[in-house]
Amino acid sequence: MDLTNATRPAVPSAPLSLALVVASDREGRFAPVLADWFLARLAGREDFAVTVVDLAGIDLPTSLSHDPSPAVRAELAKVTPVLEAADAFVVLTPEYNHSFPASLKNLIDRHYTEWQAKPVGFVSYGGISGGLRAVEQLRQVFAEMHAVTVRDTVSFHHAHGQFDEDGRHRDPAGAEGAAKTLLDQLAWWGHALRDAKSVRPYGA
């Protein structure tokens with residue numbers, strides 16, 4: 001019986017390239033508080049290398065074109081290479097009127113292959129629903145992009161009241177546990193899909 005493979009130590013996988021998409025571009029938004037909180041949860045993990053895509057810093061018009069102007073191409077150059085290089089995504093989104101921001105839909109619609117065969121997790125916030133209605137709609141949108149959305153989310157109900165003036169969560173145990181579950185699932189799918197694509201390219 002050949003035990004060579006059984007006794008060989010596992011080769012560590014390279015960290016997954018994770019793009020954190022901050023969806024809100026609204027004036028006075030609460031998103032930076034939640035982004036900083038989530039990035040702090042990622043700081044101790046060696047399985048992710050994170051790049052933030054903040055849509056408040058991307059000026060993309062809502063009119064789509066197959067031949068974008070030089071100004072639009074310059075804005076896309078800030079974000080498209082990040083999405084292309086990512087192995088996985090986390091979308092941090094508020095809920096506006098039972099849905100997600102137009103800035104996020106605009107970003108999604110301007111890209112296609114960049115999302116394909118990659119996992120997407122969600123951190124959401126809002127009023128009583130905690131942004132979950134926005135997440136449920138996003139699951140349908142990302143399914144059309146051939147992405148895989150992970151089951152568990154991190155959601156903040158009445159988010160403003162959950163954090164103090166210094167951006168610290170007042171009762172962090174539940175939220176931190178949810179973040180760990182989300183990231184564990186994202187890591188599993190990220191490695192599984194990256195490994196699969198290294199053997200067989202994904203064909204939509």
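Strand β4 is largely enclosed by the rest of the structure, because seven of its eight residues are buried. That makes β4 a handy place to start a tour of this predicted model. From there, the briefing moves to the strands that pair with β4, then to three residues worth a look in your viewer, and ends with the chain as a whole.

**Strand β4 and its partners**

- Strand β4 covers residues 119–126 and runs parallel to β6, with four bridges joining the two.
- One of the contacts in this pairing links S124 to S155, its bridge partner in β6.
- Strand β3 also pairs with β4 in the parallel sense, here over six bridges.
- Within that pairing, F89 has V120 of β4 as its bridge partner.

**The two faces of β6**

- Strand β6 takes in residues 154–157, and its side chains alternate between two faces.
- On one face, V154 and F156 are buried.
- On the other face, S155 and H157 are not buried; S155 is also the residue that bridges to S124.

**P94 and S99, around the end of β3**

- P94 belongs to strand β3, which spans residues 88–94.
- With a relative accessible area of 2%, P94 counts as buried because the cut-off is under 20%.
- Leaving aside residues up to four places away in sequence, P94 touches A23, S24, S99, F100, P101, Y125 and A134.
- P94 and V135 are separated by 41 residues in sequence, while their C-alpha atoms are 9.1 Å apart in space.
- S99 sits in the loop between β3 and α4, the helix of residues 102–109.
- S99 is buried too, as its relative accessible area is 18%, and the cut-off for that label is under 20%.
- Again without residues up to four places away in sequence, the contacts of S99 are P94, A134 and Q137. A134 therefore appears in the contact lists of both P94 and S99.

**L83 in helix α3**

- L83 is part of helix α3, made up of residues 70–85.
- Its relative accessible area is 0%, so L83 is buried.
- Beyond residues up to four places away in sequence, L83 touches F89, L107, H111, E114, W115 and K118. Among them, F89 is the residue whose bridge partner in β4 is V120.
- L83 and E114 lie 31 residues apart along the chain, yet 5.6 Å separates their C-alpha atoms.

**The chain as a whole**

- The chain holds six helices and six strands, and along the sequence they follow the pattern α-β-α-β-α-β-α-β-α-β-β-α.
- The radius of gyration is 18 Å, which agrees with the value near 17 Å for a compact globule of 204 residues.
- Along its principal axes, the C-alpha trace spans about 65 × 50 × 25 Å.
- Of the 204 residues, 43% are buried.
- Taking contacts between residues at least 6 apart in sequence, 82% join residues at least 24 apart.

**Surface and charge**

- The accessible surface comes to about 10,900 Å², and carbon and sulfur atoms account for 54% of that area.
- The side chains include 19 positive and 25 negative ones, and the centres of these two sets are 3 Å apart.

Technical notes: Residues numbered from 1 in each chain as written. Predicted model: local features only at pLDDT ≥ 70, side-chain atom pairs only at ≥ 80, totals over all residues. Heavy atoms only, no water. Buried < 20%, exposed > 50% of the residue type's maximum accessible area, 1.4 Å probe, protein only. Pairing = 2+ DSSP bridges. Rg over C-alpha atoms; globule rule 2.2 N^0.38 Å. Contact = heavy atoms within 4.5 Å. Areas by Shrake-Rupley, 256 points an atom, 1.4 Å probe, with all protein chains shown as cover. Lys, Arg positive; Asp, Glu negative; His and termini not counted. Charge placed at Lys NZ, Arg CZ, Asp CG, Glu CD.
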